Amino acid sequence: MKTHDYEKFAKAYAGLKIKDTFYLAYRDIPQLIKKYVKGKKALDYGCGAGRSTRFLKKLGFDTIGVDISKAMIKEAKSMDKKGKYCFIKSGELPFKNNYFDFIFSSIVFLEIPSREQIVDILKELKRVLKKYGTIIIVTSSEEGYTGQWTSFICNFPQNKNLKSGDKAKVMIRNSKITLYDYYWTNRDYKDCFKKSGLKLISTHKPLAKGKEPFKWHSERKISHWTIYTLKNH
């Protein structure tokens with residue numbers, strides 16, 4: 001069972017906008033960047049069809065997007081012909097040491113099947129990140145598979161009593177996309193950060209404020225997302 005079938009759903013992924021529950025994954029990123037990031041050379045690790053890369057470019061970053069799916073890179077290039085996109089193997093980056101000021105990774109680490117692989121990827125990100133550079137990771141929260149969400153359907157029997165490393169089923173509303181995420185706890189992530197030599201400096205769980213132009217469900221009381229900010233100290 002694949003976690004995410006990129007070849008089958010690449011065009012559907014490419015059509016997803018930064019709206020509804022996805023909006024909350026990005027809303028507070030500019031504020032975190034202003035507080036913690038210096039420099040303009042950025043890597044978007046797991047860029048998919050380029051939604052997050054285009055987001056960073058609009059914020060003024062010189063951004064390179066990388067992904068393990070050729071189909072998604074193809075979509076990214078078709079939507080952003082002047083963008084910089086690169087196909088990679090998981091956890092293998094074709095960049096020299098200490099190259100980037102900032103690394104962003106949105107909705108990627110929930111696809112990694114083991115904590116050991118998470119640590120390996122983080123170590124590779126650390127390698128290409130400048131000293132005192134910043135990594136911001138957006139991933140599903142522990143509560144993300146139990147609520148009622150504007151963008152997602154998660155109320156499947158297999159999502160009850162999840163344990164670290166279990167697969168959670170998620171469907172994106174108004175699409176044919178079905179996902180199977182790996183469930184990792186806050187403790188799992190913190191342990192991986194420590195083992196990779198990165199320093200966790202901020203944990204943020206964005207909630208809807210009720211003023212946004214979207215119809216919310218659980219988003220006002222429970223955060224679907226956890227956003228980690230790390231430093232290469």
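In this predicted model, the side chains of D101 and K130 meet in a salt bridge, with an N to O distance of 3.0 Å. D101 belongs to strand β4 and K130 to strand β5, so the pair ties together parts that are 29 residues apart in sequence. D101 is buried, at a relative accessible area of 13%, whereas K130 is partly exposed, at 32%.

Both of these strands belong to an open sheet of seven strands, whose order is β3-β2-β1-β4-β5-β10-β9 and whose pairing is mixed. At its edges stand β3 (84-87) and β9 (199-204), each of which pairs on one side only. From one strand to the next, the twist averages 20°.

Within this sheet, β10 can be followed through its pairing with β5 and with β9. β5 and β10 are antiparallel and are joined over seven bridges. Along this pairing, I136 stands opposite T229 of β10, and T134 has K231 of β10 as its bridge partner. Helix α7 (residues 186-196) packs on the sheet, where it touches β5, β9 and β10, and its direction makes about 15° with that of β10. β9 and β10 also run antiparallel, joined by five bridges; here T203 has Y228 of β10 as its bridge partner. β10 is mostly covered, as seven of its seven residues are buried. The covering extends to both faces: W225, I227, T229 and K231 are buried on one side, and T226, Y228 and L230 on the other.

Helix α7 also holds a salt bridge of its own, in which the side chains of K195 and D191 meet at 3.2 Å, N to O. These two residues of α7 are four residues apart, about one turn of the helix. K195 counts as exposed, at 53% relative accessibility, while D191 counts as partly exposed, at 31%.

The interior may be considered next. The largest nonpolar core has 35 residues, and those with the most contacts inside it are I29, I33, F102, F104, I136, F152 and W225. Two or more residues of this core come from each of α2 (20-26), α3 (29-36), α4 (51-58), β4 (100-106), β5 (129-140), β7 (167-172) and β10 (225-231). Apart from this core lies another, of 29 residues, which includes V119, L122, L198 and L230. Returning to the largest core, F152 is one of the residues with the most contacts inside it. Leaving aside neighbours within four places in sequence, F152 is in contact with T21, F22, V170, M171, I172, R173, H224 and W225.

A second open sheet consists of three strands in the order β6-β7-β8, with antiparallel pairing. β6 (152-153) and β8 (178-182) stand at its edges, each with a single partner strand, so one side of each is left without a neighbour in the sheet. Five bridges join β7 and β8 in the antiparallel sense, and the bridge partner of A168 is D181 in β8.

Helix α4 contributes to the largest core and has R51, S52, T53, F55 and L56 among its buried residues. The cover over the buried residues of α4 includes α2, α3, β1 (41-45), β2 (62-67), β3 and β4. After α4 comes G60, whose phi is positive, near 100°.

K57 links α4 to another part of the chain: its side chain and that of D80 meet in a salt bridge at 2.9 Å, N to O. D80 lies in the loop between α5 (70-79) and β3, and K57 in helix α4, so the pair ties together parts that are 23 residues apart in sequence. D80 is buried, with a relative accessible area of 11%, and K57 is partly exposed, with 32%. A search of the whole structure finds 10 salt bridges. R27, D28 and E212 are linked in a network of such bridges.

The cysteines remain to be described. The count of disulfides comes to zero. The cysteine sulfur closest to that of C47 is in C86, 9.1 Å away, which is too far for a bond. C86 is likewise in no disulfide. C47 is buried, with a relative accessible area of 4%, whereas C86 is partly exposed, with 23%.

Key
Residues numbered from 1 in each chain as written. Predicted model: local features only at pLDDT ≥ 70, side-chain atom pairs only at ≥ 80, totals over all residues. Heavy atoms only, no water. Core = buried A, V, L, I, M, F, W, Y, C linked by side-chain atoms within 4.5 Å. Buried < 20%, exposed > 50% of the residue type's maximum accessible area, 1.4 Å probe, protein only. Contact = heavy atoms within 4.5 Å. Pairing = 2+ DSSP bridges. Axes fitted to C-alpha atoms, helices over the stretch in contact; angles between N-to-C directions. Disulfide = S-S within 2.5 Å. Salt bridge = Lys/Arg side-chain N within 4 Å of Asp/Glu carboxyl O.
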